[in-house]
Amino acid sequence: MKFLLEPAHDRDVGINSIQLYQLSENEHFVLVVQDMTEDNTIPVLILQKPLDREQAQEHALLLTAFDGGEPKRSGYFNIVISVQDINDNAPYFENDVYKLSLKENSPIGTFVVKVNASDLDEGVNSEITFFWDNSVKSHVKDTFSLDNQSGEIKVKGMLDFEEIQKYQINVIASDRGSVPLSTQCTVIIEIEDVNDNIPEIDVTSSIEILPEDVAPGTTVALITVTDRDSGVNGEIQCMLDNDLPFGLKSAVRDGMYSLVTKFNLDRETTSQYTISIKAKDKGTPSMSSTKNITVTISDINDNSPKFSQGQYSFYILENNVPGASVFAVNAVDIDENENSQLTYYFKSTSFDKPLYSLFSINSQNGVIYASRSFDFEEIKNFTFLVFVKDHGIPTLKSNVTINVFVLDQNDNSPVILSPRIKDGFEEIEEEIPRNAKPGHFVTKIRAYDADVGYNALLLFLIEETSDSSLFTIQPNTGEVRTRRHLTDADSAVQKLIILVKDHGRVSFSTSVALTVTIVEGMESLEVSDIQTTKYDEENSFTFYLIISLGFASFLLVFSILTFFLQCCRKSNDFTRKYLNDVNYSEVNVNNGSLCHSFQYRAAEKAFMFVGQDLETGSAVGVDCDGNTLIVPDFQIPSNQVSAVHSNS
């Protein structure tokens, strides 16, 4: 067969025009060139070897045209040849003979075998249809069915080993080509004899709902088991799964059993049991049947409520809104219905106040509400109990500890401690000599803030002054000093407004007026030298303090009794040495803010606050209550103000 191809074109003429066609190597086609005119040739493709679609469905060729010029030029195009199918292949089976066995009690619709056939052709030529051979008898067609499309053979009628032990069936596979081709296979089916009567299980009486507190040995159901077979095939064994808290107990009459409990039941572990009763005969092969009985376990109140945590810790900002929810507790009871319905309540007091004056609780969901607004400076933490009980009979209950911590907010303004404000007016008067040098100590503003942390860290500033070049103030300590030499041109009375503010996010502040009078002929005294001397004395005292503590600890190792005797002796010596006949009158703050100097009385295990401006004997012992150091009661002279403020 010949196939005319499109000729190539070259705009050159003569020797430079197309001179040669060339076809890529292949085993099926050759190329010839036909001369149409003197200057026109046509390439022709000729098939020289038969095609086989089953071996190659497509052939790709390359046709190249060359001219005769120098340099030689060429052009090409691809030729793709698709091979179409004809019905030249007959179907073939995977197996010529299919041999299998089938039990005589196989139900209708049971899958027997699937005969598989293939055809190398494609399209309609490869579509296969299955059908019985003409030799197949009608009773075989009544017993088995053949799916024409899939080749599946299924049971269509009843099988009986005693009538027919073996079936030999011929199956034809044919394609759908214009001239159909076909092939044949043989299916051999051997029928197996079986014990074809299964045991029957009948539950004559049963309890569907069983309380979880029933005693072991309680009867749950009565069961009768029968088998229509006789002899060995009619002998039955009845059994249960071993992992269930139930057992079978044989009755006096054969084939009768009672289903009883073996162990104590727990609904929280398993609320429902599906009990499979299996009956098995002794035939070969053995036949068995299964009967399921569902038993629901009813609940009794045998579990106390449990809180989700062993204890709760909550944090509340002071100045909270009364009536708002602040936290919640949660408890779970693994019982059900009314046995799992919970009620939350209080049953405690806190700080000699009824707990209901501080909190209220939602009895249904455990949400706790603040009954009042809390003040960190009044109360910092407290503990109480929350109880929960279920509605079962008898009622079961439990409790949990609640730790509440009040968090500080910046809600207190700084308070001026010293110098003392005269006659209730926030104005301080001080005098300095006209010949005071730069850095001359004028006064020290001492203040404290009832808050804690950064909220109590104070900053001292000069807010207003009649002469900004004359005075300066240390922002941390509150010391007011001269900035330069005083001149005759300076006014004799200088007015300053000192601002003391804390470091809270919303800052609070207090102002105090300072009037400084410049006095002629007054002697200038360097207070800083005195303070340095006192600071050295304090360092020396600290050294002796460390030695005393080490000695006391050493004595504790040897004997508790000796320790107490020694402590008593050292306490008396300490009092005579440092505190003899001295009025406990003053506590000063080191820098006017949060940082305080303190000393430790080793024998009495008590802290003393000692300011840099105090003598060693003028000290105050303090006690500890929670997170706050508390100053004992004492009388404050009219010219001194003392304060203690310390927080952990």
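# A tour from Ser250 to the nonpolar cores

Start by selecting Ser250, which touches Met256 and Tyr257 when residues up to four places away in sequence are not counted. This is a predicted model. Ser250 belongs to strand β20. Is Ser250 buried or exposed? Ser250 has a relative accessible area of 58%, and it counts as exposed because that value is over 50%. Next, add Cys238 to the selection. Cys238 and Ser250 are 12 residues apart in sequence, and their C-alpha atoms are 9.4 Å apart in space.

**The sheet around β20**

Now show the strand β20 together with β21, residues 256-261. The two pair in the antiparallel sense over 5 bridges. To see one of these pairs, select Leu248, whose bridge partner in β21 is Leu259.

Widen the view to the sheet. It is an open sheet of 4 strands in the order β16-β18-β21-β20, and the pairing is antiparallel. Which strands stand at the edges? They are β16 (200-206) and β20 (246-250); each has a single partner strand, so one side of each is left without a neighbour in the sheet. From one strand to the next, the twist averages 30°.

**A second sheet of 4 strands**

Move along the chain and select β25, β34, β33 and β28. In that order they form an open sheet of 4 strands with mixed pairing. Here β25 and β28 are the edge strands, each with a single partner strand, so each has one side left without a neighbour in the sheet. Neighbouring strands of this sheet are turned by 30° against each other on average, direction ignored.

Look at the two edges in turn. At one edge, β25 and β34 run parallel and are joined by 7 bridges. Select Leu317 to find one such pair: its bridge partner in β34 is Leu407. At the other edge, β28 (residues 342-346) pairs with β33 (residues 381-390) in the antiparallel sense, over 5 bridges. Select Phe346 here, and its bridge partner in β33 is Val386.

Stay on β28. How many of its residues are buried? The count is 5 of the 5, so the strand is largely enclosed by the rest of the structure. Both of its faces are covered: on one side are Leu342, Tyr344 and Phe346, on the other Thr343 and Tyr345, and all are buried.

**The nonpolar cores**

In soluble globular proteins, nonpolar side chains tend to be buried together. In this model, the largest nonpolar core has 28 residues. Select Phe307, Phe327, Phe359, Phe374, Phe384, Val386 and Ile402, the members that touch the most other members. At least two residues of this core come from each of β25 (311-317), β28, β31 (359-361), β32 (367-370), β33 and β34 (397-407).

Centre the view on Val386, already met as the bridge partner of Phe346. What is Val386 in contact with, leaving aside its neighbours within four places in sequence? Its contacts are Phe307, Val329, Tyr345, Phe346, Ile361, Ile368, Ser398, Asn399, Val400 and Ile402.

Then select Phe93, Tyr98, Val140 and Val171. These belong to a second, separate core, which has 26 residues.

**A hairpin**

Go back towards the start of the chain and select residues 58-67 and 74-82. These are strands β5 and β6, which pair in the antiparallel sense over 9 bridges. The hairpin that joins β5 to β6 passes through 6 residues. Among the bridge pairs is His59, whose partner in β6 is Ile81.

**The whole protein**

Show everything. The protein has 3 helices and 47 strands. Of its 648 residues, 39% are buried. Among contacts with a separation of 6 or more, 65% are between residues 24 or more positions apart. The protein exposes about 36,900 Å², and carbon and sulfur atoms supply 50% of that area.

Finally, colour by pLDDT. The average is 78, and 78% of the residues score at least 70. Select residues 526-538, where the pLDDT is below 50; this stretch has 14 contacts in the model beyond near neighbours in sequence. Select residues 570-648 last. The pLDDT stays under 50 there too, and the model has 170 contacts for this stretch beyond four places in sequence. Where pLDDT is low, the predicted coordinates should not be read in detail.

Conventions: Residues numbered from 1 in each chain as written. Predicted model: local features only at pLDDT ≥ 70, side-chain atom pairs only at ≥ 80, totals over all residues. Heavy atoms only, no water. Pairing = 2+ DSSP bridges. Axes fitted to C-alpha atoms, helices over the stretch in contact; angles between N-to-C directions. Buried < 20%, exposed > 50% of the residue type's maximum accessible area, 1.4 Å probe, protein only. Core = buried A, V, L, I, M, F, W, Y, C linked by side-chain atoms within 4.5 Å. Contact = heavy atoms within 4.5 Å. pLDDT = per-residue confidence, 0-100. Areas by Shrake-Rupley, 256 points an atom, 1.4 Å probe, with all protein chains shown as cover.
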